Amino acid sequence: MQNSSGSGSSLEQGSSSNSARLEVTVAGDEGSVRLDRVLAGHVPKFSRSRLKALILAGSVSVGSAPIRDPAYHVGPGDTITIDVPEPAPAEPIAEAIALDIVYEDDDIIVIDKPKGLVVHPAAGHETGTLVNALIAHCGASLSGIGGVRRPGIVHRLDKDTTGLMVAAKNDRAHASLSAQFADHGRTLPMQRGYLAFVWGAPNRQRGTIDAPIDRHPHAREKMAVREGGREAITHWEIQQTFNGRDGRPVASLLACRLETGRTHQIRVHLAHIGHPLIGDGVYGPHFKTKASHLGPRSQAVLTALGRQALHAYLLALEHPKTGEFFHWEAALPEDLLLLQGALQAAL
């Protein structure tokens with residue numbers, strides 16, 4: 001059907017009971033323009049944030065190629081197709097997903113999160129998340145303070161970061177844990193510790209990275225150290241150093257402790273000091289050549305890893321009801337143990 005803007009573009013729709021397909025043809029007088037702006041003008045029934053989410057989820061194609069960049073420029077004659085998925089339920093549904101439970105009582109649950117598990121539903125990950133698993137496991141008691149999309153969640157780990165996470169099972173626990181995470185151990189007893197395999201070896205045994213973090217100025221899906229950003233402090237200490245085939249240090253295992261909790265903080269900070277996480281394709285892609293200093297076995301293990309080598313091994317906090325101090329540690333998962341062994345052997 002003809003769109004209401006009068007630009008000469010057309011908007012056609014075909015739908016099934018579960019989804020809809022919208023089609024937009026860029027008019028000759030529109031010139032080269034950003035994809036998100038074209039769609040905002042031609043599909044007014046969707047908000048800009050909804051259109052951006054569809055683009056990032058791979059639901060928008062120019063010609064036959066899916067485009068995931070809202071700033072991608074389209075030109076006259078380009079045909080844009082939007083595959084609109086079936087509307088997701090307003091609240092996450094319960095899903096029977098196995099959890100590695102480290103501790104649980106009526107107030108909190110602590111799990112050892114595996115790689116690949118997204119914490120809460122978002123564009124592209126509406127199901128199969130930790131929230132879906134917690135709803136199934138905890139039932140109606142799960143706290144709602146975090147919002148219907150994040151019930152019980154007071155902190156998060158990246159999809160491919162493994163390790164310890166705590167969730168609240170009622171509102172009182174949620175309020176207490178939220179306060180402890182906001183404080184990050186400055187005046188309250190909370191501790192969060194990570195083990196990070198990084199490229200290279202720092203020139204001293206321990207140190208502190210105090211560098212503000214904000215959105216990357218050009219790649220909005222990334223974070224970066226930026227003047228005027230939010231305060232971010234990471235403490236680190238070398239646990240092991242691994243030599244390459246030439247006998248020189250090629251990688252290290254660091255223990256990191258957070259004093260703040262910014263998105264991707266450890267990944268950004270360690271890349272900032274020149275020691276990005278092994279396997280981090282976002283913040284350390286230029287260090288892939290370092291693998292040439294490893295032996296064949298180590299290179300094979302690194303290739304199979306397929307994720308950033310980061311594990312949340314330590315979590316300590318004050319119980320929200322009893323005030324008792326709890327301390328948990330989680331051993332390295334199998335893939336990081338294999339990496340550690342290969343690096344030690346330098347084979």
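## The nonpolar core

In this predicted model, the largest nonpolar core comprises 30 residues, and those with the most contacts inside it are L130, L134, Y194, C256 and L270. Two or more residues of this core are supplied by each of the strands β9 (108-113), β10 (162-168), β11 (191-199), β15 (233-243), β16 (249-258) and β17 (310-318), and also by the helices α3 (130-138) and α5 (265-272). The largest share, 5 residues, comes from α3. In soluble globular proteins, nonpolar side chains tend to be buried together.

## The chain as a whole

The chain contains 7 helices and 18 strands, and its C-alpha trace spans about 65 × 55 × 40 Å along the principal axes. Of its 347 residues, 46% count as buried.

## Helix α1

Helix α1, which covers residues 35-42, is mostly covered, with 6 of its 8 residues buried. These buried residues are L35, D36, V38, L39, A40 and H42, so that the charged residue D36, with Asp counted as negative, is listed among the buried positions of α1.

## Two loop residues on either side of α5

H264 is found in the loop between β16 and α5, where this residue has a positive phi of about 60° although it is not a glycine. With a relative accessible area of 18%, H264 is classed as buried, because the cut-off for that class is under 20%.

L277 lies in the loop between α5 and α6, the latter helix being made of residues 296-305. L277 has a relative accessible area of 1% and therefore counts as buried, again by the cut-off of under 20%. The C-alpha atoms of L277 and Y313 are separated by 16 Å, and these two residues are 36 apart along the chain.

## A positive patch at the surface

A positive surface patch is formed by K52, R215, R220 and R226. One of these residues, R215, lies in strand β13, which is made of residues 213-215. The relative accessibility of R215 is 32%, and this residue therefore counts as partly exposed, since that class lies between the limit of under 20% for buried residues and the limit of over 50% for exposed ones. The same value also agrees with the place of R215 in the patch, because patches are made of residues with over 30% relative accessible area and no salt bridge.

Methods. Residues numbered from 1 in each chain as written. Predicted model: local features only at pLDDT ≥ 70, side-chain atom pairs only at ≥ 80, totals over all residues. Heavy atoms only, no water. Patch = residues over 30% accessible without salt bridge, like charges linked within 9 Å, V, L, I, M, F, W, Y side chains within 5 Å. Areas by Shrake-Rupley, 256 points an atom, 1.4 Å probe, with all protein chains shown as cover. Salt bridge = Lys/Arg side-chain N within 4 Å of Asp/Glu carboxyl O. Charge placed at Lys NZ, Arg CZ, Asp CG, Glu CD. Helix = DSSP H or I, 4+ residues; strand = E, 2+ residues; numbered from the N terminus. Buried < 20%, exposed > 50% of the residue type's maximum accessible area, 1.4 Å probe, protein only. Core = buried A, V, L, I, M, F, W, Y, C linked by side-chain atoms within 4.5 Å.
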